[in-house]
Amino acid sequence: MAKDQLHVLNALDVAKTQWYHFTAIVIAGMGFFTDAYDLFCISLVTKLLGRIYYYEGPTKPGSLPSNVSAAINGVAFCGTLAGQLFFGWLGDKMGRKRVYGMTLMLMVICSLASGLSFGKEPKAVMATLCFFRFWLGFGIGGDYPLSATIMSEYANKKTRGAFIAAVFAMQGFGILAGGMVAIIVSSAFRAKYPAPAFQVDPVLSTVPQADYVWRIILMFGALPALLTYYWRMKMPETARYTALVAKNAKQAAADMSKVLQVEIQAEQDKIQHLEGQGRNDFGLFSTQFLHRHGLHLVGTAVTWFLLDIAYYSQNLFQKDIFSAIGWIAEAKTMSAIEEVYKIARAQTLIALCSTVPGYWFTVALIDRIGRFAIQLMGFFFMTVFMFALAIPYHHWTMKGNQIGFVVMYSFTFFFANFGPNATTFVVPAEIFPARLRSTCHGISAAAGKAGAMVGAFGFLYAQNGIGVRNTLIILGVINFLGMMFTFLVPESKGKSLEEISGEAEEETTTATRESALEAGLQV
């Protein structure tokens, strides 16, 4: 620890794990709950929308045209990318807390609105859905840098990795909630409005009430976020922002005294003194930033970009892969609502067995084996399992081998979450200086969302153009590249945020120079 570190920051670094840590995880994690819930549900909803609004005659069930499907899946990513950059920058300019309420309110309003539509024509319904999904994504995007930064600045240095990873792991609960809501809603409607399979009666297989199913599923995502709004507004600004960026040590000490329930002395003179040195106030586009953190930013952004190409293409198109290997029956053998139920059940099973445990393995082990080791290992196993699926792909499609395919496919999800999906979120919240932390996290996260867009759109066209096998080989190569770029990212386990970002070095250098001067004067 730097000799000159502020007491308030040291108190946070060495604080024992307390109740406020857990409330902060839940409050900060609600954005990710909503994000994962929405992402999970939209993949179910697209099948149903195709049946309701794009009836193609008695030969096969209606499906969304590829451009409409790509727009619905991709528009939220565009919003998220914009939100990550905008709110990441704003979080460093205005403070984490002031911006935090805006992002949550935006999520709640747009979740509710995406279940409403102006008019009954397919074009009107899709346009409204796309419009509100863009702004929902914008709100969710803002939550990435803000939640990560708030949690890293509140946590102690011993368990910081686990706390930030736990915020991200709320995605797992979002996925499960999405699956459960879809199963419950579709079961209720199936029981109340029974319908024949498509091949028995193409028209009656989609009951008019099916239009309510997708709306209820989408709107329900707003509820958990709304419940945490009050507590989000009650959270004080982080001490690191107040002291190091806003330069108000008195306020920082008062806020953290309440949170930690200990007396903390304010050191305004020390802040003014450090400010007077002016050595550690370089901007994002300065040569000093490039020299110190340039490669780090490239590392965090590129690894997140590569991961999300693989992760989102897997996630969004699970249902297509399941259908291709015959794990879910053909659409024409089911009614519209029954299809929602079957896909939700399959995806919830994958989530329960692989996605959710992967998150919590990271939470349990990140402060023991470190971020670097987990990320490297995750990318390595994702590469191995992708090639194991792709090379003998014909074998997996044969009858009796489908379960093996699903097990291997589950392992790629497990090692994504017990691996780079969690660590790419944790590390950018730790390694950059306080005044640029939220911005740099936003840039890294936006690179990830650019990868998600490549994954979502690319997979759609690659699957039709070069087939599933070749697409899986490409994803394996992408995972291997992710492993290589991991070597640019530093380990941050067990250090204080000021040590990692180099802010402590500046303070120590200043303090040493001054004590040398004093010693010279005394002689």
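Start by selecting Trp135, which is partly exposed, with a relative accessible area of 33%. Keep in mind as you look around that this is a predicted model.

Now add Phe138 to the selection. This residue is buried, at 13% relative accessible area, because the cut-off for buried is under 20%. Trp135 and Phe138 form an edge-to-face aromatic pair, with 5.2 Å from centre to centre and 80° between the planes. Both belong to helix 5 (residues 122-154), and since they are 3 residues apart, about one helical turn separates them. The general rule is handy here: an α-helix has 3.6 residues a turn, so residues three or four places apart point the same way.

**More rings**

The whole structure holds 34 aromatic pairs. For another one, select Phe86 and Phe87: their ring centres are 5.2 Å apart and their planes meet at 70°, so this pair is edge-to-face. Colour the two by accessibility and you will see that Phe86 is partly exposed at 37%, whereas Phe87 is buried at 4%.

Next, select Phe361, Phe380, Phe381, Phe385, Phe411, Phe414, Phe415 and Phe418 together. These residues form one aromatic cluster.

Two rings have a charge for company. Go to Tyr341 and show Arg190 as well: the charged end of Arg190 sits over the Tyr341 ring, 4.3 Å from its centre. Then move to Tyr100, where the charged end of Arg232 sits over the ring, 3.7 Å from its centre.

**Along helix 2**

Select residues 19-53, which make up helix 2. How far apart are the end C-alpha atoms of helix 2? They are 49 Å apart, which agrees with the 51 Å that its 35 residues should span at 1.5 Å a residue. Zoom in on Gly29 and you will find the centre of a kink of about 40°. Helix 2 is also mostly covered, with 29 of its 35 residues buried.

Stay on this helix and pick Lys47. Its side chain meets that of Glu339 in a salt bridge, 3.8 Å from N to O. This contact links distant parts of the chain: Lys47 lies in helix 2 and Glu339 in helix 15 (residues 336-369), 292 residues apart. Are these two partners buried or partly exposed? Lys47 is partly exposed, with a relative accessible area of 24%, while Glu339 is buried at 5%.

**Other salt bridges**

In general, side chains of opposite charge can pair when their charged atoms come close. A search of the whole structure finds 15 salt bridges. Select Asp13 and Arg240 for one of them, where the N to O distance is 2.9 Å. Here too, distant parts of the chain are linked: Asp13 is in helix 1 (residues 7-14), Arg240 is in helix 10 (residues 239-245), and their positions lie 227 residues apart in numbering. Asp13 is buried, with a relative accessible area of 3%, and Arg240 also counts as buried, at 0%.

Now jump to Arg371 and Asp367. Their side chains form a salt bridge of 3.0 Å, N to O, and both residues are buried.

For a last stop, select Asp92, Arg96, Glu153 and Arg437 together and show their side chains. Salt bridges link these residues in a network.

Notes: Residues numbered from 1 in each chain as written. Heavy atoms only, no water. Helix = DSSP H or I, 4+ residues; strand = E, 2+ residues; numbered from the N terminus. Expected span 1.5 Å × (residues − 1). Bend = angle between axes of the 7 residues up to and from the residue. Buried < 20%, exposed > 50% of the residue type's maximum accessible area, 1.4 Å probe, protein only. Salt bridge = Lys/Arg side-chain N within 4 Å of Asp/Glu carboxyl O. Phe/Tyr/Trp six-rings, centres within 6.5 Å; stacked < 30°, edge-to-face > 60°. Lys NZ or Arg CZ within 6 Å of the ring centre and 35° of its normal.
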